[in-house]
Each structure stands twice: as C-alpha cells, then as structure tokens.
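Me: I have a structure to go through and would like the reasoning behind each label. Please set each value against its definition.

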2 protein chains.
Amino acid sequence: MTDNPTDPLVIFTPSGKRGRFPVGTPILTAARQLGVDLDSVCGARGICSKCQITPSYGEFSKHGVTVRENALSEWNKVEERYKSKRGLIEGRRLGCQAQVQGDVVIDVPPESQVHKQVVRKRVEARDIHMDPATKLYYVEVAEPDMENPQGDLERLREALREQWSLDNVIGGLRTMQGLQKALRDGKWAATVAVYSGREGTPSRIMQVWPGYYEGSIYGVAFDVGSTTIACHLCDLITGDVKASSGLMNPQIRFGEDLMSRVSYSMMNPGGAAEMTVAVRGAVNSLIGQVAAEAMIATTDIVEGVFVGNPVMHHLLLGIDPIELGWAPFALATSDSMSLWAKEIDVSMHPDARLYILPCIAGHVGADAAAVVLSESPHLQDEMMLVVDVGTNAEIVLGNRNKMLACSSPTGPAFEGAQISSGQRAAPGAVERVRIDPATKEPRFQVIGCDHWSNEPAFDQVVGPAGVTGICGSGIIEAIAEMRMAGIVDEDGAIGSSEAVGTARLIEDERTWSYVMHDGRAGGGPLITITQLDVRNIQLAKAALYSGARLLMDKMEIEQVDRVVLAGAFGAHISPLHAMVLGMIPDCPLDKVSSAGNSAGTGARIALLNLASRREIEAVVRAIDKIETAVEPRFQEHFVSAIAIPHKTATYPNMDTHVTLPKVSFAQSGGTGEDGGRRRRRARG
Amino acid sequence: MTDNPTDPLVIFTPSGKRGRFPVGTPILTAARQLGVDLDSVCGARGICSKCQITPSYGEFSKHGVTVRENALSEWNKVEERYKSKRGLIEGRRLGCQAQVQGDVVIDVPPESQVHKQVVRKRVEARDIHMDPATKLYYVEVAEPDMENPQGDLERLREALREQWSLDNVIGGLRTMQGLQKALRDGKWAATVAVYSGREGTPSRIMQVWPGYYEGSIYGVAFDVGSTTIACHLCDLITGDVKASSGLMNPQIRFGEDLMSRVSYSMMNPGGAAEMTVAVRGAVNSLIGQVAAEAMIATTDIVEGVFVGNPVMHHLLLGIDPIELGWAPFALATSDSMSLWAKEIDVSMHPDARLYILPCIAGHVGADAAAVVLSESPHLQDEMMLVVDVGTNAEIVLGNRNKMLACSSPTGPAFEGAQISSGQRAAPGAVERVRIDPATKEPRFQVIGCDHWSNEPAFDQVVGPAGVTGICGSGIIEAIAEMRMAGIVDEDGAIGSSEAVGTARLIEDERTWSYVMHDGRAGGGPLITITQLDVRNIQLAKAALYSGARLLMDKMEIEQVDRVVLAGAFGAHISPLHAMVLGMIPDCPLDKVSSAGNSAGTGARIALLNLASRREIEAVVRAIDKIETAVEPRFQEHFVSAIAIPHKTATYPNMDTHVTLPKVSFAQSGGTGEDGGRRRRRARG
C-alpha cells in the first residue's frame, strides 16, 4: 500500500475497503494488505482458484472512480490453463494473477471469502462463520540436502511456517509413515490438512496429499439423544451439510428413559459397557450412512463433535453413569473434552479428533450447552428463555449480562408415556387437535395424512382403524383445547362444568374421559383422554413452569422477552397450546419460536467454527447453575402451577382454529431427541 | 522465616541453608521457605514419610549453635503410628510433624531429597538428577456438591492446582473411566500419577489410585541396536535400575547389517512392515522380562525412552527406511518425538508415553544423540572426541563452545565380518592377543576363560578345539601386536621384513598369513591373520581416523583432550591397541576411556530427567553436521591414514605386555550395539 496519490486506487466490495497500490501489485496481495477476506489455499500459485474475483468496469460515482478496460493486467497463461482445465465463470479473474494497472473496483464473491458464512434459515438465528479446526494448506517443501540433514517433517514444518505462518505444528506417527512417499510423489509440493485445537497447544498434521489436493475434508456433528441419535456430515471447506441421518438409540433395549438405563447399569455388572458398545455401534452405522450418501470415504472425515445429555455423554465415553443416578449427581467430568476418535472406537480418519461440548450440570448436559450455542442468549440484550424438554426439562434463562440454568423433573408424560392412549410418533398418531367450543366436537390430524379428520378425504386415506393413538404433541393440544372448550376446568377436572352431558364424555370409574376417536366399529381403538392423563400432564407442565419461574425469580424478572422451544418437543409443539396449558411463562406469541434440533445445530457450529468452542466453554463456566431440588421456592411454584387458568384474555388475537404451521415427520427425521414421539409404554 | 533474633535458628545440612523461624514451625515448612530440597508426596499429612529428617543434638561450634534435647516438638501420634506401621530409622523424625522449639541442626538424608542424585560409577561421568516427566502426587479432593455441579475431574484438577501448584492438567479418557470409583474408594483422597511433558503443553493424569499409593511407577530405557536390543527398567521415584536385559535384534534374519535391511525393504513389498513387527516383538519380550525380574506388572511402566540409529529408529516407528539407503539419506523426521506406547504396539501402561531422542543426521542417529547426552562434551571445556563404531562410525567432536558430528563408512571389518577367521563374540572367540616381539610367538585369551593360552590351565579349560575364531576386539589387538612385533610393516604388508622365516608365517597364494592358533590336530580350526584381513582393517581404521581428523580440521585443532570410545566397541577394545593401529587420533592414554553402553545410559538420563530432553534437543540443533561424502579433505585424510606407522616412541611408558582390564562378556550382556562381536559373515 502506498501514500502516493498517483498510484492506482483499488476498492473492494462488498467490504468497501480501499487503498492505493503500485502498478503491478497482484489483487490477492492488495486484499491481504487491506485485510480483505480473500481466500487462497495454494499461496498465490494459480492452482487452487480460491482467490477468484470479479472486476467491475465503468464509472462508479459512489466510489468516485472510473475503471478503464485496462485497469487489470491482461488475462494470462495461468488463468487460461485454469479456465480450460476446470472452468471459470465469465468475468472472473484469479486474484493471484490479475495485477493492478489503474483504478479498479473488485468484487469478492462469497465463495472466495476465507470466512464464508453458513447462512441459517431461521431469521433470528446467527449465521455460522466458517473457521474449522482442520484446514487445508498447499505448500512447496525444500528438498533434502546432505549438508543440512533435517528430516522431511522438519522441512514440511518449515514450509508451513514460512508459507502459512503456522507455528508449532507437530506431525503424528501416522503422518510420518506416509510422509516421504507423499512428498516425493508430489515432487516436493503437497496439500496438508492441519488440525489446530486449543490455543497454545501444538497444531497437528492430519494428512499429507501429494501436490494440490482436489478433494475436501469433512466433519460430523452428532446429537446423541436418549431416543434418537442424529448425525450431520459437513464439508469443512464450504460448511455445507452433505448428508444427514438419524437412528433410534439402540440403548432403548436397556431402558426407555435415562433413569432406567442408569438403573440397568446399577443392577447389571458390565451393563454400562454393553450400553457403550450399543451407542458406539449406532454412531458408526450413522457415519457409514452419511459417508455413503455423500459418496466419500469414512476416512475423509477428520473431525467430529458430539453433544448429549450427561448420561448419554458418559455412556458414549465409556464412563459408568451410576453417579448420575443419585444425589449429588456427580459428573465424571463437566468440562469439554478433546480426544481421538479411535479412543471411543469411532471409525473415521485414523487420526480424527473429537470434541465433546461441556456439560452444564449433572442434569443439564452437553446437549443443553449446544442449544445455548445455537440460540446464543449470551449474545443478546433480550431476556431469552430456552426450554428443552425430554424426561427432564433443561431450562436456560439469560442474556448477555447473566445466564442461569436448571433442570426440572417433568417426567415422561410430555413424551406420551403415562398417557392412556399415548404412543410414539408414527403414522396414525394424533398430533394436531382442535375442539369446537360450542359443540365440543373434535377434529384432528394424524401423522402421515395432511387432511383433518372431519374432511372426507381423511377416511379414504386413514380409515377408522388407521388412527392408533396420541403422540406427545397431540396430548398437549388435546388438553389445551379441552380447557378452552370448557371440557376441563381450572383445576384440571373433566366434566365438572357446562360440558357435562355431551356425547363425547364417558364415565370411567367415577371420573370422566373425553372420546377423541372411536374406531372400534372398524376394528380400530377407542382413543380417549382420561382424567389421569390430564393429571399427569398437569404435574409435568407444573414442573416445567416452576423451573422457568424459579430462574425468573433468581433473575429478578417478571416477564421474559423471548421463549425458544428447543429439540423435538419444540419442533412439534404448538406454542399457543403450550402457553394455554401454562407450560411456559406468558410471552407475546410472536416471540415464541421453535428452534428445531438446536442441539444438533450447536454441535454443527462447534464443528465449523473453532472459536465457538472457546465461546461455549466460557459461557458454560459463567452460567449460574440452580439446583431445583434444594430450592424451597421451586416447590411453592410447583403447587401453584398445577392449575390451568383460562387465559384467553391474555391473547386477544388468539384464533385457535387457524391451522398452525405443520412440521411433518419427514422434515424432522434425523433430528435429536424425538421427545414428543416416543413409543407408547407398556401398561400393566 | 523471620528477622527476629530471638526466634530459633534452623540450620539444614548438607546444604548449609539457615534461617530463623517462629516456635511451632514444622521443619518441612522451614525447609520449603529456605528452598531446601526436602521431599513430600502427601503434602505434610504424615502419610508418605518422604520428608524424613535427622535432627542433631549438642554443640556445633562450626555452626555456632547449641542444640538442646527439646529443640524439636515431642514425638507425636502421627509419627508413632507411622513407625509402628512401617518402621522409621532410629533418630529420624517426620519433617511435617516435628516443629521448631529451639535452635536446631537438621540433616536431610539423600533419600529425602526431591532431586535425588543417581550416582554413576565412572568418575568422569555426570550424575543424574532425578526429575522424571511422570511423578506421583497425593491429594485430598473436594466432594461433589449439587450447588456447584463441577465434575469429579475438575475437582481433582482443582486439588492438584491448590495443593501442588500444578496448572494446566488434563485427564485422559481412561482416567475418567475409573476416576469416580477411585475417588470414592479412597474417601476423596487419592494418589495421582501426572505426566508433564514439554513446557507449555498440558500435563496429563496417567492414573489415579484410591488413598495413598504405596507402590512405585517405572520407566524403561531402550537402546535398539542393529544387533542387540537392550532395556533397563528404572524406578521413577528412586532412579534405581530394577532390572536390565538384552536380546538379539530379530531383524537379523532380514539382513546382518543396516544396509542389508534397507535393501530387504527395497526388494520386498511389506518388508519394512515385517521388520517393524519383529523389532516391536523383541521390545515387548524385553519389557515382559524386566517386569518379571522386578516383580512388577508391565502396566506399572508408565514411560519409555528409545534410542537407535536412523534405520532402527525408522523401523521401530513403522517408517520405511528406504530413503536412508541412498543419497541424500533423508530422514522422515530428525526431531525428537513424543508418542503413545500403544501407537507402536508397545505393551506397558495403556496411557504410557514414549520419548524418542532426536537424530543428528541421516547416518548419525538418536543413539549418537544419547551418547552425547551421556558423555556431555557440550558441558565441558576439554575438547572431547566421542567415537561409536558399528558398520558406520559415528563421530562427535566438541566442547561447550562448539560441537561437530559426522559419520564415516568403516564397513563391518571391526565387527569381525570380512575377516577370514572372524566370528561373533561367543565362548571360544579370541579377544585378547599379545605377541612377543622377539620370538613372534602369540598368546591369547578366549571368551569364557580367564587364562592365557600359554598357561597350563588353558588347555584343560578350553582345549585345542575350543578356540573357534577371532572376534572384533581380538583382530584389532592381533594386528596391532603384529605391527609392534615387526610382523606387519608400515604399509600393512605381512612378512616383508625381519619377521620372514618364523614358523608362524605361512604362505598363501603369494601373500603371508600369521598363524594365531592351529587346533587342527585336536579337531579344531586353523586360525590365521591373512594379508586380506590386514587390508580390510586398514581400510576400516582409515575411514574412522579420517572422519575424526576431518572434524579436527573443521574445529581447527591438532590434538584432542579426551577420547571416549562408546558402545560395545568401546567396551571391548583396548585403547592402546586402537591407538597403535591408528584408529583414533593421538591422545594421552589416560585420557582415553571406554564409556560402555553410553547410548543406553543416555536413554536412561532422558527417562529420569525431563530437562535433559530439552538439553539434548538444543545440543543436537546446535551441532554442525559434516557430510564426509562431500568433503574433499576426507578423501585426502583417508589415503594418508591407511599406513600403520610404528609409534612406540609416542608412548614412552607403553608396556603392551601388561594385562589390560578385561571386560567379560557376561558384564556387557545386554548392552547396545554389539559392535566387536558380530556373527561371522558367510563368505562365498
């Protein structure tokens, strides 16, 4: 860069950075001097084409410059060779070849930026800055020399230092075993994958390819839920998700919920080890699936990030979870972990590194930390409540100033267990319910059919025997609708008021049940909501609400600015019905959002952006952990949260008969905890 | 420590450190404040007894104090319990229990010092300061607490930080898997083995034992030679060698010398891998042997250090050595390496770390670096020449100001190969020779018998058929004695002068041979020194001498102050005969010493003292590597070094008929490169 006002002016868009450079300066050099984010893997050798730019010509009154046709040096042989071999979009130049000749405006297209953004679909979600721990570098290595008998590795390290300013790089044993051949095959040029973990620790050469490596490297982000294990395969250069897949957690055969798995370990010597083998097997199956789908080798996967609740976390790592089965719920380790994939028998690149997010507390795991990373309350002014419901609700409340977390024992009712007609989310399960307040007649949707039950097409597609039960999201809507229709009163009693006498109410041992669907004539089941079902949901929602309320007390606030429903629970639940039921504190409806599988997203962020790992570690350290079991106010809130006040007045624009956006099962396939869609429990 | 002159004065011996302390100060506290080297593993809890001290009573005019009987607090219950349970030498106290009451003189016995010295037998060798990478720490860990849901590992790390000032400690996965049980079994007290490698990198918890661990931890030092693999098992607390063992390198079946093994790899796909499996198998056998001898489990071995020449180094690590078979002899890596034992399939503690010393150059390996560490020319003013002879001679010259190294292609003659009656060192091999200058009659000793061949007992023990050949050290003495007796002339010709006509000379195709032993009548062999034998030794010694001479040129010196003969070669060779032959530059005979297996000793130093690893890495980086192949002066020196000038005048006190100290085979069993004692090569 110069101060000479007669030197050409170079202006970069979209950054707007500008400076004067002597005639002959390559655009890549100008970009680097100005701190413009322009990629290059090959170090300006015209090989990688990562530094593609688009010059603009003509008059730019906004910038006060006129760009002439000869503002850049002529199209050269390197560019011609590149274009003929691999193609180049019309108008593009290689930034390392095109040199400044006059004033010029240079556009850096998004794919030429080092720190590409991975744009997330949700408007309120932060984008992901690409900066993974493992990156590729193209180097030219000095040939060996008898007078200076350094090893090949040492000359490679010297090249990384000189050509890429990479200091403190070590080569593992496996690297060394193939290094000499790779360097000679590549005629002393090589592409090197370097893993840079925690600052201050050495970076590590993962792999050396002869010459310029045309391929990419990949990572996997795993959310290991009690019910479902979900995996995303990401390209570590572009950030693209190349494939996603999900599997039932095979540990289900040892116990449906977390505590039954902990019990299994307590009762059976070697039980924890069996469950460890099972979950690792599923992880390896998923890796095989996503690699096959993306048509890559599993050994091209050089990194993995795992999140999970504390019990899943321990079992994946081969740590017996029994201490998580009783107070004080001591974790073996709460901090984040870095380890070799082979240490937990995960089949990917033989030197692949894994990162496990930190756990927040004995009941608030690395999955909750991942949700925080994804939803980022710690970066916002708004006071955000993040709720992730499984057997336990994990609740985080906070903003950039303060963060609190707790877990609350909701039990499995929200997952469809302890519900008389409850079933796991599968075709035939009722998942959406509306009840006419006047007639008390219901209509509903089942998974696998877009029609409502009162539409003629419904019978053709589903038929009376095709309705098999109610899944978690269905039971919540059903009870909320029953409350709004006056079938359930404020105390949760069915049939105590004006609803008595409708044909939909049937008596069952001194309590009433509401008939949702009677398929018996066609060989199907009778599906009802019983008084006990309502009681179980009341207890569950009171636990959830009082956990959130306790955090609000600790935060000394009466109202939250935003509620995020995370996980499968959040993906399937109707925020409106959840609020009618009193599961979550009041909040304007447009400020309640479903974050989908945000634990999986958090894992993906940690995979694609190294700095986010340090970020979530710091946030987790700073979170105040509130233990509900020892807080007397939790019990007080719980008791007063059991009621279901009719709060229609709170939502003047509420129209429960508008069809809410439907999240189909297919869309959510392969996403984390399949909370609302659990298999119905055997009942005695 | 106080300035108050009325406070008691505490004087420590042997350090002489002194200071005044308030009444009631524990002796351990006083020692720490004064920087006196007093050990404690349990942190002053009266458990470990490492802080034993001996108070002295009475008048100490030297120190100007009188120590009364009540100078220390009374013998207490903790000391009584310790004494009754484990015994305590009479007069000893525990430094953490005994408190200052009056002026006192405290002796710190050697075993109570943290940085114990491991004293080496050779007068000129430096002692080893105990400061291994892995140490034991006794800690008391906070119990888990629901209000502060840190993991067990994090509370253990906190204890290490608070109680031992150990920062930046990480726990591996294996540690975590057993951590919760260990802490609970030990009632929140534990002994922790922590490995602290390179400064700035995290320390690592290797193992956690419940409560106070009574056992020790161990390390192995390996010298992987082309012929012999030697192993020392060391106690990492005391520094004692608990067991040593050696094995033939099983790679011998792939080729006797280094180059034939490199050729084997070139000719046979998978050949390098076969040799890797072979050497690792031998390493594991040796570990099994030394562990059994010391009656410990192999899993108690938490560290290993390996040295070896570059080809052995590469094959051990699983790196194909073919690049070492041709110019420019490129090493895969020249720097030191740290790796997991399991990475090279070595069976010890599952998290054991290995350290491999750096290589100096393509022909001057980690074994030569270990010799430098053991002999430490870089710490001395004297200009020291260190020579280690195998198929190549590795030569180091230097002092604290400058260090040079080269290798010289001596060929296998010194190892008994290319010699007509040569054989590997084994019972029956001639290893010592004296020739009467007047009669030209020889007398000799063979391995396995202490009598000379002219003593009557020799025939009874050995018999004429019991003399089977000449080993490496024998051939050197034979030719030097032949020269001094006038049987060989300055040019190396046999029988050219006054010796012609003795009965010991027989003609053999126009050249003469000297008969050392004729056992044919008794069914034994005829053992002669042929003209070709002399020529081969001349070429070998010229190569060795000219390498040393080249370094002296580079150093611009005419004379060295000290010559160290390293390795098995050095252990068996007679320095006087080597100098007569002109193998090494002239030097006063009392300044020529044999260092034994100094490569193995260097490995042991690196095992027991962490700082020595950084020391040898720095020294190796600073060594100027001289490549003999590209130095024209090497060739000049070589040509003029072929002659054998009779230099008796140089050594006025020389008496070649004094019996030199005999190094028996048994003593040297299991020491490194068995240079002088190689199996005789098949001759066509």
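Me: What makes strand β1 and strand β7 of chain B a pair, and in which sense do they run?

Reply: Two strands pair if DSSP finds at least two bridges between them. Strands β1 (residues 9-13) and β7 (residues 104-107) of chain B are joined by 4 bridges, so by that rule they pair, and they run parallel. Within this pairing, Phe12(B) has Ile106(B) of β7(B) as its bridge partner. As for the names, helices (H or I, at least four residues) and strands (E, at least two) are DSSP runs, numbered from the N terminus.

Me: How should I read the numbering, and what kind of model is this?

Reply: This is a predicted model, in which local features need pLDDT of at least 70 and side-chain atom pairs count only at pLDDT 80 or more, while totals for chains, interfaces and linings use all residues. Residues are numbered from 1 along each chain as its sequence is written, chains are lettered from A and ligands numbered from 1 in the order in which they are written, and side-chain values use heavy atoms, with hydrogens and water left out.

Me: Which strands are at the edges of the sheet that holds β1(B), and what makes them edges?

Reply: The sheet is open, has 5 strands in the order β2-β1-β7-β3-β6 (chain B), and its pairing is mixed. Its edge strands are β2 (18-20) and β6 (93-94) of chain B, each of which pairs on one side only.

Me: Why are β24 and β25 of chain B said to stand at the edges of their sheet?

Reply: The order in this open sheet of 3 strands is β24-β23-β25 (chain B), again with mixed pairing. β24 (442-446) and β25 (469-470) of chain B each have a single partner strand, so one side of each has no neighbour in the sheet. Strand β23 (residues 429-435) of chain B pairs with β24(B) in the antiparallel sense over 5 bridges, and Ile435(B) stands opposite Pro442(B) there.

Me: What makes β26(B) and β27(B) a hairpin?

Reply: Strands β26 (residues 505-508) and β27 (residues 511-518) of chain B run antiparallel and are joined by 4 bridges, and 2 residues lie between them. Glu509(B), in the turn, has a positive phi of about 50°. Glu507(B) stands opposite Trp512(B). β27(B) also pairs with strand β28 (residues 526-529) of chain B, antiparallel and over 4 bridges.

Me: Why is the link between Arg184(B) and Glu323(A) called a salt bridge?

Reply: The term requires a side-chain nitrogen of Lys or Arg within 4 Å of a carboxyl oxygen of Asp or Glu. In this pair the closest N and O atoms are 3.1 Å apart, so the rule is met. Across the interface of chain A and chain B the rule finds 4 salt bridges, and over all chains the structure holds 58.

Me: How much surface do the two chains bury, and how many residues are in contact?

Reply: With contact taken as heavy atoms within 4.5 Å, chain A gives 47 residues and chain B gives 47 residues. Buried area is the accessible area (1.4 Å probe) that two parts lose on being put together, summed over both. By that definition chain A and chain B bury about 3,500 Å², 59% of it on carbon and sulfur atoms. In chain A, Met146(A), Leu173(A) and Gln180(A) lose the most area to chain B, together 20% of what that side buries.

Me: How do you know that the copies are related as by a two-fold rotation axis?

Reply: The copies are superposed by least squares on the C-alpha atoms of residues with pLDDT of at least 70 in both. A turn of 180° and a shift of 0.0 Å along the axis lay chain A on chain B with an RMSD of 0.1 Å. The two copies are therefore related as by a two-fold rotation axis. The same surface serves both: 100% of the contact residues of chain A recur in chain B.

Me: What makes Ser49(B) and the bond from Thr13(A) to Pro14(A) worth a remark?

Reply: Most residues other than glycine have a negative phi, and most peptide bonds are trans. Ser49(B) is not a glycine, yet its phi is positive, about 65°. Ser49(B) is in the loop between α1 (27-34) and β3 (52-56) of chain B. The peptide bond from Thr13(A) to Pro14(A) is cis, with omega near 5°.
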